[in-house]
Amino acid sequence: MTTPVPVCVEAVLESQIQEVRVEGDGQDIQEVYAPQLSMSENLAKLANKIDFYKDECEEKGKPTSEGEKESEEEKATTFQPSLWPWDSVRNKLKASLTEMSVLLDVLNIAKRKNYMVLDQVSQPAPDPKTALQLASKKQALTTSANILMNSAERLKKSQAEGTSKHNDFHIELLKLRQNWRLKKVGNTILGDLSYKTAGSRFWQGGTFEVLKTTTSTSTEPEGSATKGGLEVVIPNDLRGVAYIQVEVKSVPEKMDLTSAIMRLPSELGTVHTGTYWQQKLQAAQNVLFCKEIFSQLAREAVQTNSSVPHLVVGNQIITNVFPGIQLSIILCHSTGKDKNKRPPPAPPKLDHNHVLEHSLHQLLRELHYKNIHYPPPHPVTAMIGVSKKRRMAGPLAMCRQDLLEMADNESLLEQVIKQTKHHVLRQKTMGVLDRYAITLSDPQLANHWNCVNSSLESSCRVLITSQGYDLRIWHSFMVHIYVDKIKVITREGRVLILSYEEKELEDFILWQISQHQISVSQNLSRLMGWHMLNTTGALGVSDLESSATASALVMASPNHNKALAIKSGPSTGTKVFIQSCPKENQSRIVTKDEKWSFVGCEFQEVDMNKFEGRNFPSKLETLMAVLTRTAT
């Protein structure tokens, strides 16, 4: 549509020609115009054109011949203009004044009754209907009697309630006012269950009505819980019990999300009608809070543009946090109206995550707090709600990227998904570490979790020890768990970043175990006087390991007639090889130094399972002691 164009319509200002002047030889002609009339002169001119004595209706009602005669007579008579232009207006006003005077005289005569008396016209009296009159009187008496009886009954009840202080309506109302917001609208007392004063912006209200109990305390059965002197009327959509069901479960990767929707439990609990008003209000407020949480999550799930789609079906939100790991957030609300219906078959046991449910409550309360508590300072001339860092963006010359980072706020759903990812990754890490700590007996793993963790970060210290040698020889590394990655710091200070796959952590633990066996062997060689000939952390010979690299150590006995080679790998395990120099080889050695006597000799693998000992270090110590003794 095109925009409207304003058009101004005005009268054409044309001036009448007063005279025409011809100068010279007739070639220069000038026109002199009469001056324009002023407002008052123009009004007087228009008023003269109005004929107030002319009546169009009378003229239209006359026959044609009479009208033509009068028109001819008017044409015959010459028009005589009045001396004053407002003469016709004056005549009309004078006639109006005369009519008003007559009307005033009529009113004075009717009011003072000195000249005339106005009397009503007498009408015949209607026939009396006695039956109808008796019926109406009887109905009026019945209504009055009911009002009096109800008033007397209320007085008796108030007198009976006055004897028991715990059922006094006013005392209960005072207790109610101390904990809940109340207001009086006419003769009704209304209360508010919502969190709007705490910063909530939820559209649904939580108005309830306060009524005085009508049942007497004497009619209550013995042993029943008293309801107090008042009762509350809660809206239908806030009745019952509600909570947020949070479940993290494993599903096949090719499984459709819609087929993973689980059934709700049939019985969540009900709030009985005879419950005390405090429990009723708390349950209703909890229902409102759960509805606000689910509404916020559902709105963010639809509006968020994420690489992983979120599915919102009815009162359920389903999303994938990791491949094969599904997060389900469900609003469970039971009003208790379906008691008489046949209950459905019991669903399987729900794996409810109470930690994530508590996190949802905390995140929503933090959102309420931020809505009403703005970061300081609060200047008078600036907009409220802008942080100090954003106010300093101009003087500090921040770039567009910095401003976008400050304006980017994580939604409630994104924070819950991050906490779920960290929770799943931490559970996986704990499962891997606990499995190796249970299954491995040589060496032993001890996990020490840090008690001070956050919802997105946690750490653990893993000690690798051998029984009987843990005071002097031990190996350790730190595990830091984040949202979707794991950072591992070894004893030497090396930092490794692992993904969420369990296989990477398992390979790292096996590699650390192989490193521990080499470290134990080195310490034993120092303690028993053996000489280390060579050590390497990345062995390039022998069989290839499936993950990481193998480590090796070569050491000689104190008298240099025996040598041991130890190979430790993540997948092949720990193997020990012995090398001894025969007497025939000693005669062929040109050099006299004993350390060259092993050149050309073959290594033979030692079966460590036939040695007695609890673990590998004890068996290796026995082997080294035997070799040292035989050498002497």
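1. Overall make-up. The protein chain holds 14 helices and 20 strands. The model is predicted. Of the 632 residues in the protein chain, 30% are buried. Among contacts with a separation of 6 or more, 57% link residues 24 or more positions apart. The chain exposes about 43500 Å². Carbon and sulfur atoms supply 55% of that exposed area.

2. The five-stranded sheet. Five strands form an open sheet in the order β16-β17-β18-β19-β20, with antiparallel pairing. Its edges are β16 (531-536) and β20 (604-606), each of which pairs on one side only. On average, neighbouring strands of this sheet are turned by 25° against each other, direction ignored.

3. Pairing inside that sheet. Strand β17 (residues 551-556) pairs with β18 (residues 562-569) over six bridges, in the antiparallel sense. Here Met555 has Leu564 of β18 as its bridge partner. The β18 and β19 pair is also antiparallel and has eight bridges. A hairpin of three residues joins β18 to β19. Gly569 is bridged to Gly573 in β19. At the β20 side, three bridges join β19 to β20, again antiparallel. One bridge there matches Ile578 with Gln604 in β20.

4. The helix across the sheet. Which strands does helix α12 lie across? Helix α12 (residues 502-527) covers β16, β17, β18 and β19 (573-580) in this way. Relative to β17, the helix runs at about 15°.

5. Strand β9. This strand spans residues 316-322, and six of its seven residues are buried, so the rest of the structure largely encloses it. Strand β8 (residues 311-313) is joined to β9 by three bridges and runs antiparallel to it. Leu311 has Ile318 in β9 as its bridge partner. On the pairing with strand β10 (residues 325-334), β9 makes six bridges, also antiparallel. Phe322 stands opposite Ile325 in β10.

6. The two turns around β9. The hairpin of β8 and β9 has two residues between the strands. In that hairpin, Gly314 takes a positive phi near 65°. The hairpin of β9 and β10 likewise has two residues between its strands. Gly324, in the turn, has a positive phi of about 90°. Both glycines can be checked directly in the backbone torsions.

7. Lys619. Where does Lys619 sit? Its place is in helix α14 (residues 616-631). Lys619 is buried yet has no salt bridge. The nearest side chain of opposite charge is Asp442, 6.5 Å away. A salt bridge needs a nitrogen-to-oxygen distance within 4 Å, so Asp442 does not qualify. Leaving aside neighbours within four places in sequence, Lys619 is in contact with Met608, Asn609, Phe611, Glu612 and Gly613. Glu612 is thus among the contacts of Lys619, although no salt bridge is found.

8. His423. This residue is found in helix α11 (residues 412-439). Is His423 buried or exposed? Its relative accessible area is 15%, under the 20% cut-off, so His423 counts as buried. Glu457 lies 34 residues away along the chain from His423. The C-alpha atoms of His423 and Glu457 are separated by 9.4 Å.

Note on methods. Residues numbered from 1 in each chain as written. Predicted model: local features only at pLDDT ≥ 70, side-chain atom pairs only at ≥ 80, totals over all residues. Heavy atoms only, no water. Helix = DSSP H or I, 4+ residues; strand = E, 2+ residues; numbered from the N terminus. Buried < 20%, exposed > 50% of the residue type's maximum accessible area, 1.4 Å probe, protein only. Lys, Arg positive; Asp, Glu negative; His and termini not counted. Contact = heavy atoms within 4.5 Å. Areas by Shrake-Rupley, 256 points an atom, 1.4 Å probe, with all protein chains shown as cover. Pairing = 2+ DSSP bridges. Axes fitted to C-alpha atoms, helices over the stretch in contact; angles between N-to-C directions.
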